[in-house]
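Me: Please take a close look at the strand pairing in this model. How do the strands line up, and what sits around them?

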Amino acid sequence: MLKCLPKPLSLLSISILSTFAISIQAQTLSGLVLDKAGNPLVNGSVQIMGTNKTASIQSDGRFIFENVRPGNVEIHVASPRHIHSKSELTVPEAGLFNIEITVANSSIEIFDVTASAFHASTIESAAPVSVLAGDELRRKQASTLGDTLKNEVGVHSTFYGSVASSPIIRGLDGPRVLVTQNGLDSGDASRVGPDHIVATDASTATQIEVLRGPATLFYGSGAIGGVVNVVDQRIPDNNDWEGRVSTDRNTNNSEEAFSGYIKGGEGNIAFNLQGYYRDADDYRIPGYAENQDTHSDEEHDDDLGAEHEEHEEHEDERKGVVENSSSRTKGITFGASYLLDNGHIGFSVEHMSSFYGIPGHAHGEEHGEEHGEEHGEEHGEDVDEGLGEEVVQGDLQQNRYQISSKHQLSTDFISAINTGFAFTDYKHAEIENGEIGTIFENKSHEARVEVIHQPLAGWRGGLSFHYKSSDFEAVGEEAFTPPSKTNSFGLGIIEEQHFGNVLFQLGARIEQVEIDVPTIQIGETEFEAIHSAAEHGEIEHHHEDGHANLLDASQSSSVSFTPLSASIGAVWDFTEGYNLGLSYVHGQRAPSSAEIYSFGPHIGTSTYEVGAFYDITEDGDVVFNGRDLAVEKSNNVDISLRKFSGEFGFVLNAFYNQVDDYYFSADSGFVVEEGHDDIASELREDDMADEHEGHEDEMPVFLFTALDVDLYGFEAEINWQATASLQLQAQGDLVRAKLAKNMGESQYLPRTPPSRIGVSANYVVGDWQAGLSLHRYFTQDKVAEFESETKGYTLVDLDVSYVTSFKNTDVTFYLKGRNLADEEARVHTSFLKDLTPVQGRSFILGARAHF
């Protein structure tokens, strides 16, 4: 149990005190960066590894560092379309001047990764990393984070009817994939349910980084499946003036989008102002009319005939439309920094709001039109008028405050101190017919301090101190998880060193996680069964520390875990332009509060969720299971082969992830009637289909359980610069996720992404650019029990743009075509795959200006 926790203010003092550190024995280091032809590079940056020191490459190819400690240093050169290079130098007491560094052209785009614990580039990390940035990010930009990343290799989307979508990495999502904003947790409720929006918008991002595989060393146990880090300049580290503004319109759902930012400053002051706005109607889909269930008037009594005819007339008007998929989202962020000779310190303030439909939840009830209009007027939003069905909508409000700093020191032991602090106040209301039914709130605090040491026996690295607190509460009719407080504190160490052509990377982390629940949440019928057994002393709650408590209606609960993680990796540059990456990570994860204590209907998944705290007997009774809760243990091996020189390049990855005590919600085979706590004691087997046919108010019961599973797969990216104007690309990925064979008959995990391949061509002529891509998703027949197969489909996309300049401003006019073949596509990873296919054919016309 945590006895004490670091206070954000005391941690902040470290950042402030480091501002006044005195530099000693500091000298100048300068040089010139050239390409293979001997021409100076015109953009990019040079970094002294193991420090925060970064210098821009000037227009003449030169760079300069001031206040460099004499001794051995390693510098790293990063420039677009060039291979990142390293050079080991010795800086004498008098300084080092006019060194020359030559870099080669790269066949693949290479980016520095701020989310990596080692601050490496995409080709220098032992574990696979992808970065979406620049023009490619703008082309793939979608209304949700998951849909923006869905075509990245190894990444899929939860796809919740275009209104909400979270990234899935190698078949893992939810509490295993962490979404961060500049390295700090987004602090929303998207990891609890797919209907919750990721409260981090990518429209003003400079790049999005995807760490595929366990990232527990730097981010904690909640990142055992990977990290998506959205990077922007909300807290600027320089006062260079730049800005961008973009606007477009989607023909499919009449979505109008606007986003922009401006960054600049004077002297020691820098600022950034950014914002976005999107307003979309219900979207259209192909093949909807052919798949609609229709009924004739003969199926109804005569007195219902008129009502049925009226309803069918409405259906005819709405065929081809996913109802209640409209949304309106907006946000604004202001940040400022004070620039120092040895770094910067700054803050940012953000407000985000979104009012959106939650599709697929019509219950055949009468609308509360009066309440709907009242709520719409209060929030300035449109509320769909009643059509005899219940409409569920989400209202998200979030305020986020961040402080960060980076300070370079020149002491004998400490090279740099980096800090980050965030406070997020998140609130999400689920509105049924204009009345608030359930409210989700989360107040989170996070603090991270990195202390980077001077090189020790050739090793670069440092310590990471990480504190996170989450106060989560769900109140209302469909609050499926009880209020909880989660506190965690982690201490990590990361180190790396070059030995000839091999870069070794090591790391370890220990974490303390405590979850406190003030009141156990159980339904009325289930409570009676548990309470009866507890009165006779038959049920006890065993904690990991050996204590036991009897369970009753107002019983509180507290569980604690100590996840341990360690990794070893190597990158071998075995010949020029090629390298081989190998990594092994042992990661551990504490189960989340929702996975342990859930008990109730979850509207986002249309299921009745029961946590790992309980068991369901053969008779359908719910009882406390009495088992100790274990940490989830992952053993992940990654191997990567990369070619990045010349006109042809590729990245090939293979991974195997063996997980013990993997927590997931499995279909129990039971059902419960909506609005009731009684779980039906009848299994939903195929031979009972007739008996259950027409029971539209029944919800399947999903039980969280912990079993051993195996996940493995392959990923490939190939790039060929066929001519100066034509670039061809191909990619593909495959993942398998199933219960370990030693558990008996092998079974697949639910909602595992299907295999897919993609090809694209990009052609540039003058100021025009055109790209055509095709992605084939294969039939997913590797399904879990009670899960249906999903047919394969092919999506064809088109991008055309024209760039012109006007008074030092680049203006781009663009046209995006999505699903050009208008193919019906159902996303297997979505809880709503049978209700919300992807958008039909759509065209997005827009303009973007950058200065």
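Reply: Two strands count as paired if DSSP finds at least two bridges between them. The model is predicted.

Start with β2 and β5. Strand β2 (residues 45-48) is joined to strand β5 (residues 71-78) by 4 bridges. The two strands run antiparallel. Q47 shows the register: its bridge partner in β5 is H76.

This pair belongs to a sheet. The sheet is open, has 4 strands and follows the order β3-β2-β5-β6. Its pairing is antiparallel. At the edges are β3 (54-56) and β6 (85-91), each paired on one side only. From one strand to the next, the twist averages 25 degrees.

Now move along the chain to β23, β24 and β25. Strands of a sheet pair through backbone hydrogen bonds, and the sense can be parallel or antiparallel. Here β23 and β24 take the antiparallel sense, over 13 bridges. F465 has L491 of β24 as its bridge partner. β24 also pairs with β25, again antiparallel, over 15 bridges. In that pairing, N487 stands opposite E514 of β25. β24 and β25 form a hairpin with 2 residues between them. G500 sits in the turn, with a positive phi of about 65 degrees.

Side chains add a link between β23 and β24. R460 and E496 meet in a salt bridge, 2.7 Å from N to O. R460 lies in strand β23 (residues 459-476) and E496 in strand β24 (residues 484-499), so the salt bridge ties together parts 36 residues apart in sequence. R460 and E496 are both buried.

β25 leads on to a nonpolar core. The largest such core has 27 residues. Those with the most contacts inside this core are I515, F561, I596 and Y597. Several elements give two or more residues to the core, among them β25 (502-517), β28 (557-561), α9 (593-597) and β36 (648-673). β32 (607-610), β33 (614-616), β34 (622-624) and β37 are also on that list. β37 gives the most, with 4 residues.

What does I515 touch, leaving aside residues up to four places away in sequence? Its contacts include S484, K485 and T486. They also include S557, S558, V559 and F561. P591, S592, S593, I596 and Y597 are on the list too. A second core, separate from this one, has 24 residues and includes L149, A205, V659 and F664.

β37 also takes part in a long-range salt bridge. Side chains of opposite charge can pair when their charged atoms come close. E715 pairs with R212 in this way, with the closest N and O atoms 3.1 Å apart. E715 is in strand β37 (residues 698-721) and R212 is in strand β13 (residues 207-212). The two residues are 503 residues apart, and the pair links distant parts of the chain. With a relative accessibility of 1%, E715 counts as buried. R212 is buried as well, at 2%. The two residues belong to a network of salt bridges that links R170, R212, D638 and E715.

One more salt bridge ties a strand to a loop. R234 pairs with E350, and the closest N and O atoms are 3.2 Å apart. R234 lies in the loop between β14 (226-231) and β15 (242-250), while E350 is in strand β19 (residues 343-357), so the pair ties together parts 116 residues apart in sequence. Both residues are buried. In total, the structure holds 24 salt bridges.

Finally, consider two loops between strands. F159 lies in the loop between β9 (155-157) and β10 (167-169). F159 is not a glycine, yet its phi is positive, about 35 degrees. K807 is in the loop between β41 (793-806) and β42 (809-818). K807 also has a positive phi, near 50 degrees, in a residue other than glycine. Are these two residues buried or exposed? F159 is buried, with a relative accessible area of 5%. K807 counts as exposed, at 70% relative accessibility. The cut-offs are under 20% for buried and over 50% for exposed.

Terms used:
Residues are numbered from 1 along each chain as its sequence is written. This is a predicted model: local features need pLDDT of at least 70, side-chain atom pairs count only at pLDDT 80 or more; totals for chains, interfaces and linings use all residues. Side-chain values use heavy atoms; hydrogens and water are left out. A salt bridge is a side-chain nitrogen of Lys or Arg within 4 Å of a carboxyl oxygen of Asp or Glu. Buried means under 20% relative accessible area, exposed over 50%, partly exposed in between (1.4 Å probe, protein chains only). A nonpolar core is a set of buried Ala, Val, Leu, Ile, Met, Phe, Trp, Tyr and Cys residues joined through side-chain atoms within 4.5 Å. Contact means heavy atoms within 4.5 Å. Axes are lines fitted to C-alpha atoms, for helices over the stretch in contact, and angles run from 0 to 180 degrees between N-to-C directions.
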